[in-house]
Amino acid sequence: MNQLVTTLLVIGGGPGGYVAAIRAGQLGIPTILVEAGQLGGTCLNIGCIPSKALIHAAEEFEKAGHYAADSPLGPSPLGISAAAPSIDVTRTVGWKDGIVKRLTGGVGALLKKNDVQVVNGFARILDGKTVEVKRTDGEVQRIRCEHLLLAAGSEAVELPFMPFGGNVVSSTEALSPQTIPKQLVVVGAGYIGLELGTAYRKLGAEVTVVEAADRILPAYDAELTKPVAASLKRLGIDLRLSSSVLGLNAGVRVQQANGEEIVLSTDRVLVAVGRRPRAGGWGLESLQLDMNGRAVKIDDQCRTSMRNVWAIGDLAGEPMLAHRAMAQGEMVAEIISGKRRHFTPAAMPAVCFTDPEVVVVGMVPGEAEAAGIDAIKAHFPFAANGRAMTIESTDGFVRVVARRDNHLILGWQAVGRGVSELSTAFSHSIELGATLEDVGGTIHAHPTLGEAVQEAALRALGHALHI
Ligand SMILES: Cc1cc2nc3c(=O)[nH]c(=O)nc-3n(C[C@H](O)[C@H](O)[C@H](O)COP(=O)(O)OP(=O)(O)OC[C@H]3O[C@@H](n4cnc5c(N)ncnc54)[C@H](O)[C@@H]3O)c2cc1C
């Protein structure tokens with residue numbers, strides 16, 4: 001049998017694995033990366049990038065509809081009128097696929113540039129230093145390594161009584177539709193369900209979202225999600241909270257909060273009830289690593305309970321975010337090269353690309369309170385921001401949480417159009433240990449949404465200028 005020997009073997013070419021491999025290559029570590037599917041993993045192929053492409057296309061289509069003579073919103077206040085738009089979904093999906101191809105091709109080129117050997121195939125762990133790969137060309141290859149980095153990612157959770165197949169789809173299929181269904185039921189009002197449900201609504205589907213909790217985006221506080229709930233209503237999305245899906249029988253059977261059972265007629269069902277680490281089917285269990293449920297347990301250097309076996313990204317549990325996987329991957333490569341690193345970010349940004357977008361970085365007010373910190377919170381509404389008015393997006397606000405004693409900023413949250421781009425400023429200020437005075441005293445360009453960041457800090461200090 002063909003055998004390769006390397007210093008670092010990475011299983012999984014998602015954002016965690018490919019970044020680790022690129023950095024290892026830059027540092028001169030002999031590295032092999034094994035990928036069973038496409039380079040770029042969930043994020044580039046069936047996650048972050050395709051979902052944002054579909055959301056953008058849906059927004060553009062909806063916007064064009066607002067300018068049509070028969071728009072339910074009446075004539076555009078901007079004075080623009082146009083014919084009713086139409087959409088060729090096959091072309092939309094083709095455009096999205098083009099972006100994915102460009103990005104995944106780029107990953108391949110970067111790995112090559114950094115001398116990483118990519119083996120296309122499915123890896124099975126034999127022991128902590130040996131992996132057997134069933135290559136896509138049919139060959140079986142054994143690879144021996146000094147360091148084994150597990151970056152196998154996650155998979156969509158299936159409802160046992162409503163398995164994927166036919167018209168029951170996961171986000172993967174929902175991101176490559178051949179047609180837009182007349183009626184779509186989305187199970188789960190987390191960020192994936194709401195992002196995709198909103199996009200389908202804007203593309204013309206009648207959308208019902210069923211959620212077991214009593215509010216949308218249960219991981220975020222109600223003040224933040226209120227503008228999103230209002231927008232879902234405005235868009236005509238039928239939201240069924242405190243409701244449980246029971247199964248599929250001439251429609252989706254749902255038990256409502258009052259115990260009543262109803263049947264929602266539908267052409268397609270998108271199940272978006274969460275993702276779980278891909279912990280089975282590739283020999284991981286043979287290593288008998290310490291686990292946190294289905295996630296591989298790691299320390300603050302991404303070491304597992306076995307020496308020189310590392311785990312990063314979704315496989316290592318929440319928060320399952322691409323930027324966390326990348327940061328962990330980069331760090332592990334540096335530790336293997338001999339650098340001293342720990343994974344202790346001051347904050348991990350999280351964004352929901354809903355309409356409007358939601359950003360959370362650092363502590364929310366409830367977390368500060370739970371930690372026993374005497375904190376100030378203040379928010380600045382986009383309704384008082386000139387730039388927000390010029391882009392017709394005055395819904396939402398920026399909120400800051402800071403220590404009362406020394407004004408150290410603990411957290412930022414925002415909801416509003418385009419606020420995902422504010423996450424950078426939020427992360428910088430927290431990671432650099434900024435105080436309210438630092439942000440309040442920084443000149444912010446006018447007119448920008450970012451002025452609301454400065455004004456929130458000033459408001460927390462008791463002297464906002466524009467409210
Ligand atoms: C619809 C959707 C939208 C999302 N949007 C965002 C977003 O906006 N922002 C964000 O931060 N995150 C988002 N995510 C989450 C993000 O995609 C993941 O957090 C990220 O991809 C995790 O990276 P990873 O490297 O850990 O794993 P993955 O990206 O899952 O990559 C793992 C790779 O390992 C390969 N693999 C697995 N087992 C084997 C094996 N035995 N042999 C060989 N190869 C194997 C898989 O084929 C896969 O390519 C989204 C996810 C979804 C589903």
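## A guided tour from the ligand shell to two sheets

The residues of the shell around the ligand comprise 19 nonpolar, 16 polar and five charged ones. The model on display is predicted, and the tour starts at this shell.

**The ligand and its surroundings.** Select the ligand together with the 40 residues around it; those that come nearest are Glu35, Thr42, Lys52, Asp314 and Ala322. Two of these five also appear among the polar contacts below. Display the side chain of Lys52, where an N or O atom lies 2.7 Å from an oxygen atom of the ligand. Next, add the side chain of Asp314, which places a polar atom 2.9 Å from an oxygen atom of the ligand. For Gly16, show the backbone instead: a polar backbone atom of this residue is 2.9 Å from a ligand oxygen atom. With a surface switched on, consider the cover as a whole: on its own the ligand has 990 Å² of accessible area, and the protein covers 95% of it.

Now colour the elements that give two or more residues to the shell. These are helix H1 (15-26), strand E2 (31-35), helix H2 (41-46), helix H3 (48-66), strand E3 (117-127), helix H6 and helix H8 (322-336). Which element gives the largest share of the shell? It is H2, with four residues.

**The parallel sheet.** Move next to the open sheet of five strands whose order is E7-E14-E8-E9-E10, with parallel pairing. Its edge strands are E7 (168-169) and E10 (238-240), each of which pairs on one side only. Select H6 (residues 191-202), which packs on this sheet and touches strand E8 (183-187), strand E9 (206-210) and E14. The direction of H6 makes about 165° with that of E9. H6 is thus a useful element to keep in view, as it also gives residues to the ligand shell. To inspect the pairing at one edge, select E7 and strand E14 (residues 268-271), which are joined in the parallel sense over two bridges. Within this pair, Val168 has Val269 of E14 as its bridge partner.

**The antiparallel sheet.** Proceed to another open sheet of five strands, in the order E19-E20-E23-E22-E21, where the pairing is antiparallel. E19 and strand E21 (375-381) stand at the edges with a single partner strand each, so one side of each is left without a neighbour in the sheet. On average, neighbouring strands here are turned by 10° against each other, direction ignored. Select E21 with strand E22 (residues 397-403): the two pair in the antiparallel sense over seven bridges. In this pair, Ile376 stands opposite Ala402 in E22. Then add helix H11 (residues 423-431), which packs on the sheet and touches E19, E20, E22 and strand E23 (409-416). The direction of H11 makes about 175° with that of E23.

**Backbone details in loops.** Three loops complete the tour.

- Select Glu318 and Pro319: the peptide bond between them is cis, with omega near -5°. Pro319 is in the loop between strand E18 (309-311) and H8.
- Select Asp355 and Pro356, joined by a cis peptide bond with omega about -5°. Pro356 sits in the loop between strand E19 (350-352) and strand E20 (357-362).
- Select Gln288, a residue other than glycine with a positive phi, near 50°. The loop that holds Gln288 runs between strand E15 (275-277) and strand E16 (291-292).

Notes. Residues numbered from 1 in each chain as written. Predicted model: local features only at pLDDT ≥ 70, side-chain atom pairs only at ≥ 80, totals over all residues. Heavy atoms only, no water. Pairing = 2+ DSSP bridges. Contact = heavy atoms within 4.5 Å. Axes fitted to C-alpha atoms, helices over the stretch in contact; angles between N-to-C directions. Near = heavy atom within 4 Å. Polar contact = N/O pair within 3.5 Å; in protein donor to acceptor, adjacent residues only side chain to side chain. Areas by Shrake-Rupley, 256 points an atom, 1.4 Å probe, with all protein chains shown as cover. Nonpolar A, V, L, I, M, F, W, Y, C, P; charged D, E, K, R; others polar.
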